[in-house]
Amino acid sequence: MSASLRAFVSKALERNRISFGDLRRLQRNILPHGLLTHEQAEVLIALDQTITRTDKAWAGFLVAALTDFVVWRSSSPGRVEPETAAWLVASLSCGRPTRTTGMIARAIVREAQHCEEPLLGFALSSPKHSSKSTTGAEAESRVQTHL
């Protein structure tokens with residue numbers, strides 16, 4: 001993990017908060033090219049599961065960053081291979097569940113042209129949130145197309 005990402009995480013943990021300014025610094029200065037490694041993704045997932053106060057833009061950023069990393073920066077762009085699906089589900093399941101973990105899984109299933117278990121099952125079993133972005137029927141329909 002880079003020193004700048006480590007400093008970002010330390011500050012967020014110390015304050016138990018990610019502000020809008022913190023998020024912008026993360027996007028512009030620390031991860032200007034998005035997530036590049038599993039370690040970076042795991043750190044942000046763990047941070048989401050730990051921090052109790054985040055700016056309203058945090059969830060959208062994390063969902064988009066992980067979707068891009070998992071779906072498009074893989075060795076098979078557009079596909080979520082079994083080992084990647086297993087890694088992601090393990091990472092999302094590791095800490096306390098957040099509304100963001102289900103959003104991440106469902107967004108990846110929607111975006112990917114092909115997705116493997118166990119991510120499909122995780123996306124279907126994740127509690128639904130009250131966002132307009134995806135209804136349970138829409139997520140289930142998308143998952144069914146991958147089966």
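Of the contacts in this protein with a separation of 6 or more, 70% are made by residues 24 or more positions apart. Keep that figure in mind as you look over the fold, and remember that you are looking at a predicted model. The protein has 147 residues, and buried residues make up 45% of them.

Now let your eye follow the chain. The protein contains eight helices and four strands. Starting at the N terminus, these elements come in the order α-β-α-α-β-α-β-α-α-β-α-α.

A good place to stop is Ala 12, which sits in helix H1, the stretch of residues 3–15. Is Ala 12 buried or exposed? Its relative accessibility is 2%, and since anything under 20% is classed as buried, Ala 12 counts as buried. Which residues does Ala 12 touch, once its neighbours within four places in sequence are set aside? Its contacts are then Arg 17, Ile 18, Leu 47 and Ile 51. Arg 53 gives another way to place Ala 12 in the fold: these two residues are 41 residues apart in sequence, while their C-alpha atoms are 9.6 Å apart in space.

Leu 47, one of the contacts of Ala 12, leads us on to a pair of helices. Two packed helices are described by the angle between their axes and the distance between the axes. For helix H3 (residues 38–50) and helix H5 (residues 82–94), the axes come within 8 Å and cross at roughly 30°. That angle makes H3 roughly parallel to H5, because angles under 35 degrees fall into that class. The crossing of H3 and H5 is right-handed.

What do the two helices bring to their meeting? From H3 come His 38, Ala 41, Glu 42, Ile 45 and Gln 49, and from H5 come Trp 87, Leu 88, Ser 91, Leu 92 and Cys 94. Sorted by character, the residues of this contact are six nonpolar, three polar and one charged.

Cys 94, one of the H5 residues in that contact, makes a good last stop. A disulfide is a covalent bond between the sulfur atoms of two cysteines. How many disulfides does the structure hold? The count is zero. Look at Cys 94 and Cys 115 in turn to see how each is placed. Cys 94 has 68% relative accessibility and therefore counts as exposed, whereas Cys 115, at 2%, counts as buried.

Technical notes. Residues are numbered from 1 along each chain as its sequence is written. This is a predicted model: local features need pLDDT of at least 70, side-chain atom pairs count only at pLDDT 80 or more; totals for chains, interfaces and linings use all residues. Side-chain values use heavy atoms; hydrogens and water are left out. Axes are lines fitted to C-alpha atoms, for helices over the stretch in contact, and angles run from 0 to 180 degrees between N-to-C directions. Angles under 35 degrees count as roughly parallel, over 145 as roughly antiparallel, 65 to 115 as roughly perpendicular and the rest as oblique. A crossing is left-handed if the near helix is turned anticlockwise from the far one by less than a right angle, and right-handed if clockwise. Contact means heavy atoms within 4.5 Å. Ala, Val, Leu, Ile, Met, Phe, Trp, Tyr, Cys and Pro count as nonpolar, Asp, Glu, Lys and Arg as charged, and the others, Gly among them, as polar. A disulfide is a pair of cysteine sulfur atoms within 2.5 Å. Buried means under 20% relative accessible area, exposed over 50%, partly exposed in between (1.4 Å probe, protein chains only).
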